[in-house]
Amino acid sequence: MSHSEAFHRSRRRFLLGSAALGLAGASAWLRPGAAGGHHSDYFQALSTAAAAHNQYRPLMIVDEQRLLANLDTLTDRLAGQYHYRIVAKSLPSVELLQLLMARAGTERLMVFHQPFLTQVAHHIPQADVLLGKPMPVQAARQFYQEFFASGDPRFQPARQLQWLVDSPHRLAQYRQLAEELGQSLRINLEIDIGLHRGGVQDRDQLVQMLRLIEQSPWLSFSGFMGYEAHITQAPGRAEWLRDQAMARYRAFVVQAEQTLGRSIRDLTLNTGGSTTYPLYRDQHRRFVPNELAVGSALVKPTDFDLPTLSDHRPAAFIATPVLKVTDRLAIPGVPGLGQLMAWWNPNRAKALFIYGGHWPATPVSPAGLSTNPLYGRSSNQEMLNGSVGLTLQPDDWVFLRPSQSEQVLLQFNGLARYDAEQRRITGHWSVLG
Ligand SMILES: Cc1ncc(COP(=O)(O)O)c(C=O)c1O
């Protein structure tokens, strides 16, 4: 071998060696570290409470102290500048709504589903209800049929209920319904202030709809609903997007006042949601809406982990018993793959199977738990993976945080009310059916 060949060979070896070393170094750097595997004090207490509750099945636990602390944070921030309307779909339980209404001193609810409306009218007859989406007129008709059939005179739709209407066509349908029923209907108009989810788009449409309402002896105009969830999601500074949305809102209000020849500032001028409500605190009272609708922020599911809600704390957890713990991960049909996954991510060293699963939720305790992307999801016995440090045994509890509340809270046959001071589950809130 010539000198130059030997030189090239050793150089190649050197380069390969360095690449392998680099790869090992990079992988050590990229590989996740093992998480502890124990419950924190908070979840240990919750775990003891769940066990003492003696219902070994998936539970939806709501931490009452955290819930009420979130409510107090919200009412502090509204600082008396806005009325508070509770978004019922995100807190779908009559007892829960009553508790929150009493604490916040509000009777305003936003409802999104006809069967919920029927139940609210019956169980919370003092409620002041604004629909959060335009209902097909047939759903409105069904509400009245059920309401009249119930013979319950306490809730007065003509005074306490605002139907949301988004277009001239739907307005004509509601006018016909009002005539048919011989009932006065209050109409709140959905306006598009930038979310582009429908609603009144422009001046001409607004004027046309207001005239239709004014001409009907059965209809009355009760205000506007302009939702603006885009302002914390769309590109651009939230404050700038808020100001754009509020400028549009104001233009609708000014136009309505011109058309009607009277002030509408005392009507329901609704905006906001959990992600945006903190942006409305306003010393100078620049914004025209007079009420904010918020629900999810009170339990703070993971979709609401946003800077605007950094001082809210999660208050709803799925608790479920562990059924099985295996001390290694095995993927059926691919021997060795489970070990490879565990080598790469030490939080996949163990596999456990839980009671239920496949919820829109993220495991939160013990730390490091996760679903397995290759094994697949199951709503019967879902596999979760954890580190060697995981001390859980069958019949212990794991906790997950729902990503949203409106659907997930309905899936557990009620809510378990947790008192963190007493460290026990003190009751049950039934959910809307
Ligand atoms: C019209 C309207 N207002 C307010 C909200 C805010 O609800 P939450 O606070 O639960 O996000 C929503 C959510 O979908 C909505 O559609």
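What follows is a walk through a predicted model of one protein chain with its ligand, from the domains down to single residues.

The domain assignment splits the chain into domain 1 (41–58 + 313–429) and domain 2 (92–294). Measured is not the word for a model, but the computed gap between the C-alpha centres of domain 1 and domain 2 comes to 39 Å. Where the two touch, domain 1 puts in five residues and domain 2 puts in four residues. On the domain 1 side of that contact, the classes work out as four nonpolar, no polar and one charged.

Next comes the nonpolar core. The largest one holds 107 residues, and within it Trp163 and Ile187 touch the most other members. Helix H10 (residues 238–260) supplies the largest share of this core, with seven residues. Both domain 1 (41–58 + 313–429) and domain 2 (92–294) give residues to the core, so it lies between them. Trp163 shows what such a spot looks like up close: setting aside neighbours within four places in sequence, Trp163 is in contact with Leu131, Met135, Ala140, Tyr174, Leu185, Arg186, Ile187 and Asn188. Ile187 thus turns up twice, as a partner of Trp163 and as one of the two core residues that touch the most other members.

The ligand has its own set of surrounding residues. Going along the chain, these are Val87, Ser90, Met110, Gly132, Tyr227, Gly273, Ser274, Ala293, Val294, Gly295, Ser296 and Ala297. Sorted by class, this shell has six nonpolar and six polar residues, with no charged ones.

Helix H6 (residues 137–150) is made of 14 residues. From its first C-alpha to its last, H6 reaches 20 Å, close to the 20 Å expected at 1.5 Å a residue. Just after H6 sits Gly151, whose phi is positive at about 65°. A little further on, helix H7 (residues 157–160) contains Ala158. Ala158 counts as exposed because it has 12 C-beta neighbours inside 10 Å. Apart from neighbours within four places in sequence, Ala158 is in contact with Gln183 and Ser184. Gln183 is 25 residues from Ala158 in sequence, yet their C-alpha atoms are 7.2 Å apart in space.

Some loops are worth a look for their backbone. Most residues other than glycine have a negative phi, and most peptide bonds are trans. Ala79, in the loop between helix H3 (64–78) and strand S2 (83–87), has a positive phi near 50°. With 11 other C-beta atoms within 10 Å, Ala79 is exposed. Asn413 also has a positive phi, about 60°, without being a glycine, and its place is the loop between S15 and strand S16 (415–419). Asn413 has 13 C-beta neighbours inside 10 Å, so it counts as partly exposed. As for the peptide bonds, the one joining Ser365 and Pro366 is cis, with omega about -5°. Pro366 belongs to the loop between strand S12 (361–365) and strand S13 (370–371).

One last loop residue is Asp396, found between strand S14 (381–386) and strand S15 (397–402). Asp396 is partly exposed, with 17 other C-beta atoms within 10 Å. Beyond neighbours within four places in sequence, Asp396 is in contact with Ser47 and Val322. Glu95, by comparison, is 301 residues from Asp396 along the chain, and 29 Å separates their C-alpha atoms.

Notes
Residues numbered from 1 in each chain as written. Predicted model: local features only at pLDDT ≥ 70, side-chain atom pairs only at ≥ 80, totals over all residues. Near = placed C-beta within 6 Å. Nonpolar A, V, L, I, M, F, W, Y, C, P; charged D, E, K, R; others polar. Helix = DSSP H or I, 4+ residues; strand = E, 2+ residues; numbered from the N terminus. Expected span 1.5 Å × (residues − 1). Core = buried A, V, L, I, M, F, W, Y, C linked by C-beta atoms within 7 Å. Buried ≥ 20, exposed ≤ 12 C-beta atoms within 10 Å, placed from the backbone. Domains from an automatic or database assignment. Contact = placed C-beta atoms within 7 Å.
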